[in-house]
Amino acid sequence: MKAFTKIPVVDVSALGGSDPAAHVATVAKLREIASSIGFLYVSGHGIPEAVSSELIAAAKGLFDLSLPEKMKIYIGNSRNHRGYVPEGEEVFAGKTPDRKEAFDLAQDLPNDDPDYLAGNPLLGPNQWPENLPGFREAVMAYYAAAFQLGRRLLRGFSEAVGLEPTALDHLVTKPTSQLRLIHYPFHAGRQDAPGIGAHTDYELFTLLLPTAAGLEAMNGSGEWIDVPPVPGALVVNIGDMLEVLSNGLFVATSHRVRAVKEERYSFPLFFACDYAALVRPLPQFVTPERPAAFDEIVAGEHLFAQTVLTFKYLRERRDSGELKLPERSLGLSSFGQEARHPTHAPAADIG
């Protein structure tokens, strides 16, 4: 990975389009950046500005509610990890509680969905706030648009590793892809409390819409590089599952949000595999000179285990014996530059 000092912008409007040469050039850029930096901005993504603006307005309406109102949809009330996340609920590998609040949602499945009825910890219905007209519609409109972009990017990344465009589609048929609405309040006088601690993302990749600065990515020298918003562009970063599939060619770049200098909203769509998807290094990346660096991973089990290790209410359920981590759980900080530079962010014990 490069010791990069800034994040490149890629126009993805030609991806999957009618101009073969422009499509091939875009795929080549995706491969180059994913294998050297792991972070990029994408412009020409096709998500209407109005859809993004309505999402931001909906989030502000939610987070302006009183804490008792928001706690009515507390994520700990959910059986499948959906709902409001109060400040301090999450703790990443640095073991410092995050200074943010959030609202977590995903594909809104019905109460009689078979996976939900079977006890899947990440699939099922969303919790929704009462008395916020238009909130659900605005949020799900953005979810649909961002997820469609994710489908296009998945096919671009598939070609970037030498496969057919649809070769990875079988991994994403009923995915655990989550959208988070995140609010980072400004705290005057707070110097070094993290908005969100250093981590990699556990899925294939992430599509992020931020409203203000604060995001940082770790480069190949272990240095933190600013990733400020670029008007009209989304941030995309590689996640753990693409690192596994490419046998480390693509790196799940570690990132964090530092203490914010202004109120900040952030909207990551974590583009994920199906819960039961088996993810292993692709054969073309495994050679005698470069043996498989990862064991086979059940995508949803990895995601759930990392979630348990970072959310207070899930750790309490684990400690009480109410739930157990999957047998092959990995510890936090197992991927990306954070794992390569452990002195920058101490790893947590999965016990």
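**Exercise 1. The largest cavity**

Find how much space lies in the largest cavity of this predicted model, and which residues line it.

*Solution.*
Step 1. The largest cavity holds about 420 Å³ of space. The structure has 4 cavities of 30 Å³ or more.
Step 2. Turn to the lining of the largest cavity. It is made up of 34 residues. Nearest the centre lie R180, H199, D201, P268 and F270.
Step 3. Trace the lining back to its elements. Those that give two or more residues are β4, β5, β6 (196-199), β7 (205-210), β11 (255-257), β12 and α7 (299-310).
Step 4. Sort the lining of the largest cavity by residue type. The split is 15 nonpolar, 12 polar and 7 charged.

**Exercise 2. Strand β5 and its partners**

State how many residues of strand β5 are buried, which way they point, and which strands pair with β5.

*Solution.*
Step 1. Strand β5 covers residues 178-184, and 7 of its 7 residues are buried.
Step 2. Recall the general rule. In a regular strand, side chains alternate between the two faces of the sheet.
Step 3. Now read β5 itself. Q178, R180, I182 and Y184 point one way. L179, L181 and H183 point the other way. Both sets are buried.
Step 4. Look for the partners. Strand β4 (residues 101-106) pairs with β5 in the antiparallel sense, over 6 bridges. Strand β12 (residues 264-271) also pairs with β5 in the antiparallel sense, over 5 bridges.
Step 5. Pin down single positions. Q178 in β5 faces A106. L179 has L269 in β12 as its bridge partner.

**Exercise 3. Q178: buried or exposed?**

Decide whether Q178 is buried or exposed, and list its contacts.

*Solution.*
Step 1. Place the residue: Q178 belongs to strand β5.
Step 2. Check its relative accessible area, which is 15%. The cut-off for buried is under 20%. Therefore Q178 is buried.
Step 3. Set aside neighbours within four places in sequence. Q178 then contacts H81, D104, L105, A106, P268, L269 and F270.

**Exercise 4. The largest nonpolar core**

Name the residues with the most contacts inside the largest nonpolar core, then follow L181 outward.

*Solution.*
Step 1. The largest nonpolar core has 97 residues. F157, L181 and L204 have the most contacts inside it.
Step 2. Helix α5 (residues 135-160) gives the most to this core, with 12 residues.
Step 3. Set the general picture beside this. In soluble globular proteins, nonpolar side chains tend to be buried together.
Step 4. List the contacts of L181, leaving aside neighbours within four places in sequence. They are L55, A59, F63, E101, A102, F103, L105, F135, V139, S266 and F267.

Notes: Residues numbered from 1 in each chain as written. Predicted model: local features only at pLDDT ≥ 70, side-chain atom pairs only at ≥ 80, totals over all residues. Heavy atoms only, no water. Buried < 20%, exposed > 50% of the residue type's maximum accessible area, 1.4 Å probe, protein only. Helix = DSSP H or I, 4+ residues; strand = E, 2+ residues; numbered from the N terminus. Pairing = 2+ DSSP bridges. Contact = heavy atoms within 4.5 Å. Core = buried A, V, L, I, M, F, W, Y, C linked by side-chain atoms within 4.5 Å. 1 Å grid on protein atoms, 1.4 Å probe; cavity = no way out; pocket = protein on both sides within 12 Å on 5 of 7 lines; lining within 4 Å. Points joined across faces, edges and corners; volume = space filled by probe spheres on them. Nonpolar A, V, L, I, M, F, W, Y, C, P; charged D, E, K, R; others polar.
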